[in-house]
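Morning, everyone. I have one structure to show today, and I will keep it short.

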Amino acid sequence: MAKRNIGSSFDDFLREENLLESATAVAVKRVVAYQLEKKMSESKLSKSEMARRMETSRSALNRLLDPDNASVTLNTLQSAVRVLGGRLKIELDFQNHAA
């Protein structure tokens, strides 16, 4: 391996390899899935009951809770958060990020 990445950040490495966006999406999805499952457990909500309250299918909920599936709609996420008594907030950060 060339020494071109020594001293650079891991984000820089991922950016150079065109992997930063997908790695970030997967990391965010894993955190979201973990937080939703934790809140469901604290609320003693089964997946079946959660899906019923969200007015969606159990398979749609399973996709939302799958930490390796980075595809999720904002509507599904909003519905899950609402059922669990939360509020969805999304932040876009354009500072120090070159296009």
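I will go from the overall fold to one helix and then to a surface patch.

This is a predicted model, in which local features need pLDDT of at least 70, side-chain atom pairs count only at pLDDT 80 or more, and totals for chains, interfaces and linings use all residues. Residues are numbered from 1 along each chain as its sequence is written, and side-chain values use heavy atoms, with hydrogens and water left out.

The protein chain has five helices and zero strands, helices being DSSP runs of H or I with at least four residues and strands runs of E with at least two, numbered from the N terminus. In sequence order the pattern reads α-α-α-α-α. Of the 99 residues, 21% are buried, that is, under 20% relative accessible area with a 1.4 Å probe and protein chains only; exposed means over 50%, and partly exposed is in between.

Now helix H5. Leu74 belongs to H5, which covers residues 74-83, and Ser79 sits in H5 as well. Which of the two is buried? Ser79 is, because its relative accessibility is 14%; Leu74 is exposed, at 53%.

Leu74 also takes part in a nonpolar surface patch with Ile90, Leu92 and Phe94, together about 510 Å² of accessible area. Areas are Shrake-Rupley values with a 1.4 Å probe, and for residues only the protein chains shown count as cover. Patch residues have over 30% relative accessible area and no salt bridge; nonpolar side chains (Val, Leu, Ile, Met, Phe, Trp, Tyr) are joined within 5 Å, like charges within 9 Å. A salt bridge is a Lys or Arg side-chain nitrogen within 4 Å of an Asp or Glu carboxyl oxygen.
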